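Please take a moment with the sequence and the model below before reading on. The paragraphs that follow go through the arrangement step by step.

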Amino acid sequence: MDFVLKERLQWTDLEQKDPAPFRDPATGDIKILNNDWPYGIDKRIVHLVVWTKFDLPDDPDTKELTKEMRREIDEYVDRMFCQAVPKENLKVIWFKNWKSLKSIHSVEHFHVMLFDPDPDFVEQVTHGDIPLSRSIQ
């Protein structure tokens with residue numbers, strides 16, 4: 001957890017600055033990075049992780065995201081990723097792993113996959129992040 005928090009995210013704490021999730025990216029409550037160990041799928045798919053300082057609550061009955069949080073993430077993904085990609089080229093999906101599948105439990109996050117995105121766009125949203133899997137080769 002310390003490595004992810006301090007080295008990858010460069011966060012000193014997980015204190016949420018803005019009480020409304022996804023409202024103001026300038027608060028630093030969200031960080032988009034490349035997945036350090038992306039799934040072994042098509043090389044044209046860019047696998048990003050959206051890390052948050054706020055909770056992404058699950059419905060206790062279904063163990064899935066609450067409807068409200070799913071809506072908020074949908075709107076965020078649309079604003080952040082879909083509006084930046086021409087609709088005819090739009091190939092974006094997002095998901096949040098179930099707790100039992102998470103490799104990192106202590107910092108909330110969800111995954112975004114982009115099919116064949118413009119590398120300049122990826123560099124812009126990740127602020128030039130390079131995944132560990134590429135940096136150690």
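**Aromatic residues, sheet and core**

Five aromatic residues, Phe 22, Phe 54, Tyr 76, Trp 94 and Phe 110, form one aromatic cluster. The model in which they appear is a predicted one, and two members of the cluster, Trp 94 and Phe 110, make a convenient place to begin, since both of these residues are buried.

To place them, it helps to look at the sheet. Four strands form an open sheet in the order 1-2-4-3, with antiparallel pairing. Strand 1 and strand 3 are its edge strands, each of them pairing on one side only, and from one strand to the next the twist averages 25°. Strand 1 pairs with strand 2 in the antiparallel sense over five bridges, and here Leu 33 has Val 49 in strand 2 as its bridge partner. Strand 2, residues 45-52, is in turn joined to strand 4 by eight bridges, the two running antiparallel, and Val 50 stands opposite Phe 110 of strand 4. On strand 3, residues 92-95, four bridges make the antiparallel pairing with strand 4, where Trp 94 stands opposite Val 112.

Is strand 4 enclosed by the rest of the structure or not, and why? Seven of the eight residues in strand 4, which spans residues 108-115, are buried, and therefore this strand is largely enclosed by the rest of the structure.

Two helices lie across this sheet. Helix 2 lies across strand 1, strand 2, strand 3 and strand 4, and runs at about 145° to strand 3, whereas helix 3 lies across strand 1, strand 2 and strand 4, running at about 135° to strand 1.

The nonpolar core brings helices and strands together. In the largest nonpolar core, which has 22 residues, Phe 81 and Phe 110 are the ones that touch the most other members. At least two residues of this core are supplied by each of strand 1, strand 2, helix 2 (67-82), strand 4 and helix 3 (119-126), and helix 2 gives the largest share, six residues. Beyond its neighbours within four places in sequence, Phe 110 is in contact with a set of residues including Phe 22, Leu 48, Val 50, Ile 73, Tyr 76, Val 77 and Trp 94. Apart from the largest core lies another core, of eight residues, among them Val 4, Trp 11, Val 49 and Val 107.

Trp 11 also takes part in an arrangement of another kind: the charged end of Lys 53 sits over the ring of Trp 11, 5.0 Å from the ring centre.

It remains to look at how aromatic rings are paired, and the count of aromatic pairs comes to seven. In one of these, the ring centres of Tyr 39 and Phe 95 are 6.3 Å apart and the ring planes stand at 25°, under the limit of 30 degrees, so the pair is stacked. This pair links distant parts of the chain, 56 residues apart, with Tyr 39 in the loop between strand 1 (30-34) and strand 2, and Phe 95 in strand 3. Tyr 39, at 38% relative accessibility, counts as partly exposed, and Phe 95, at 22%, counts as partly exposed too. Trp 94 and Phe 110, by contrast, form an edge-to-face aromatic pair, 5.8 Å from centre to centre and with 70° between the planes. Because Trp 94 lies in strand 3 and Phe 110 in strand 4, this pair ties together parts that are 16 residues apart in sequence.

Definitions and conventions: Residues are numbered from 1 along each chain as its sequence is written. This is a predicted model: local features need pLDDT of at least 70, side-chain atom pairs count only at pLDDT 80 or more; totals for chains, interfaces and linings use all residues. Side-chain values use heavy atoms; hydrogens and water are left out. Buried means under 20% relative accessible area, exposed over 50%, partly exposed in between (1.4 Å probe, protein chains only). Two strands pair if DSSP finds at least two bridges between them. Rings of Phe, Tyr and Trp (its six-membered ring) pair if their centres lie within 6.5 Å; planes under 30 degrees apart count as stacked, over 60 as edge-to-face and the rest as tilted. A charge sits over a ring if NZ of Lys or CZ of Arg is within 6 Å of the ring centre and within 35 degrees of the ring normal. A nonpolar core is a set of buried Ala, Val, Leu, Ile, Met, Phe, Trp, Tyr and Cys residues joined through side-chain atoms within 4.5 Å. Contact means heavy atoms within 4.5 Å. Axes are lines fitted to C-alpha atoms, for helices over the stretch in contact, and angles run from 0 to 180 degrees between N-to-C directions.
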